[in-house]
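Grab a pencil and work through these exercises at your own pace. Try each task yourself before you read its solution.

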Amino acid sequence: MDTFVNFLSGLFIPLLVFYIVGFGLLMKCPVFDAFTDGAKDGFHVAVSILPTLIGLIAGVRVLRASGFLDWLAGLLPRGVLPVPLVPVILMRPFSSSAATGLALDIFKEYGPDSYLGRAASILLSCTETVFYTMSLYFVTVKVTKTRWTMAGAMLATAAGVAASLWLA
Amino acid sequence: MLNGIWAGMLLIGIVFAALHGTLDQVGQGLLDGTGEAVTLAISMVGVMGLWCGLMEIARQSGLLQALNKMCRPLIRWLYPHIHKDDPVQELIATNMVANLLGLGNAATPAGLHAMKELERLEEQRRGAKTEREDARPVPKGVASNEMCTLLVLNISSLQLLPVTMIAYRSQYGSVDPTSIVGPAIVATAISTAVAVVFCKIMQRRKKR
């Protein structure tokens, strides 16, 4: 299992790039022009998240510097989940950027290559903003009774959390 | 939602600091945080530029459309009561492919459009009488099986390559920022598999 996962990590990006560019050439697409066109959008994406990052990193920094996060960690029962990850897990269904802010705090405190850093990275990659997505999608069609959506969404999120703790 | 969360972070942090005498660190933390955000965003320009550039090649060369077609049999299996010529399948496929590739900007409009089409489909079903227990329409304002499935799959996260996470990791000094790609793909596969099994079970149950 471990070898397979590492193999995937090392080869996925090079193979993907090879495939996309190769397919582009095969289809006679002006690959470099297309690339630079798209890269411009990437620039806008990166710049447009800056205000969010400033706000949330500042917010998490305040929680960290005040000692609140350590105090919270002291309150939580030990054993089931690694304590520093609990705020990330709790925040994840509500806000993607706030959860990212908390994960970045873990990177800073424990390092991105530590168990906690890796678990936080995987966790944010395999779960979604449950409540935001549900309200956005259901408001669009004026649905108020969501039947089994919440149960399914929470089950998938729990599976993602468990998988991250196991694979980190 | 974020308004409350953000204000809560700041206010709780400051009140807590005032009670514990850590206000100077909080001031320092605020300023440090802003600098950190700018460095992070700049490092994101590279990774996001690379990824969006590659995705533009995929779009212009027809790779995204080819992926859409490949998703069709899967969609027919996941949404068994949608007619095989219904245009909503195209939207669901676009939403799925965009989610797989982490193109949030493309996934959401397609997903919302798909929701509207699913509502239209349900409206049609309300007009037509059916004897089949599992194909009976739901009343207005209630989510249909298809809507629930679309939402649960979207929330189970399909994204294969966590592009922004790789950028963040490298910015915080990771020795091997991409080492989480494999675990992330496996974890995503697990959460999605759980979602699919759950949807298939719930689709078979009788409606209320």
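**Exercise 1.** Into which domains is chain B divided?

*Solution.* A quick heads-up before we start: this is a predicted model. Step one is to find the domain bounds: domain 1 of chain B covers 1–47, and domain 2 covers 62–204. Step two is to see how far apart they sit: going by C-alpha atoms, the centres of domain 1 and domain 2 of chain B are separated by 35 Å. Step three is to look at where they touch: 6 residues from domain 1 of chain B and 6 residues from domain 2 of chain B take part in the contact.

**Exercise 2.** Now do the domains of chain A: what are their bounds, and how many Å separate their centres?

*Solution.* Start with the bounds again: residues 1–48 form domain 1 of chain A, and residues 51–167 form domain 2. Then take the centres over C-alpha atoms, and you get 28 Å between domain 1 and domain 2 of chain A.

**Exercise 3.** How many helices and strands does chain A have, and is the chain compact or spread out?

*Solution.* First, count the elements: chain A has 9 helices and 0 strands. Reading along the sequence, you just get α-α-α-α-α-α-α-α-α. Next, check the spread: for 168 residues the globule rule gives 15 Å, but the radius of gyration of chain A is 20 Å, well over that, so chain A is more spread out than a compact globule. Finally, picture the box that the C-alpha atoms of chain A fill: roughly 60 × 45 × 35 Å along the principal axes.

**Exercise 4.** What percentage of the residues of chain A count as buried, and what share of its accessible surface belongs to carbon and sulfur atoms?

*Solution.* Begin with burial: 52% of the 168 residues of chain A count as buried. Then turn to the outside: chain A has an accessible surface of about 7,900 Å², and carbon and sulfur atoms own 71% of that. While you're at it, look at the charges: there are 11 positive and 9 negative side chains in chain A, with the centres of the two sets 10 Å apart.

**Exercise 5.** Is helix 7 of chain A mostly covered or mostly open, and what covers its buried residues?

*Solution.* Step one: helix 7 of chain A spans residues 115–125, and 10 of its 11 residues are buried, so to speak "mostly covered". Step two: name some of them; the buried ones include A:L116, A:R118 and A:L123. Step three: find the cover. Chain A contributes helix 5 (86–91), helix 6 (96–110) and helix 9 (149–167), among others. From chain B, the cover includes helix 7 (163–171) and helix 8 (181–204).

Technical notes:
Residues numbered from 1 in each chain as written. Chains lettered and ligands numbered in written order. Predicted model: local features only at pLDDT ≥ 70, side-chain atom pairs only at ≥ 80, totals over all residues. Heavy atoms only, no water. Domains from an automatic or database assignment. Helix = DSSP H or I, 4+ residues; strand = E, 2+ residues; numbered from the N terminus. Rg over C-alpha atoms; globule rule 2.2 N^0.38 Å. Buried < 20%, exposed > 50% of the residue type's maximum accessible area, 1.4 Å probe, protein only. Areas by Shrake-Rupley, 256 points an atom, 1.4 Å probe, with all protein chains shown as cover. Lys, Arg positive; Asp, Glu negative; His and termini not counted. Charge placed at Lys NZ, Arg CZ, Asp CG, Glu CD. Contact = heavy atoms within 4.5 Å.
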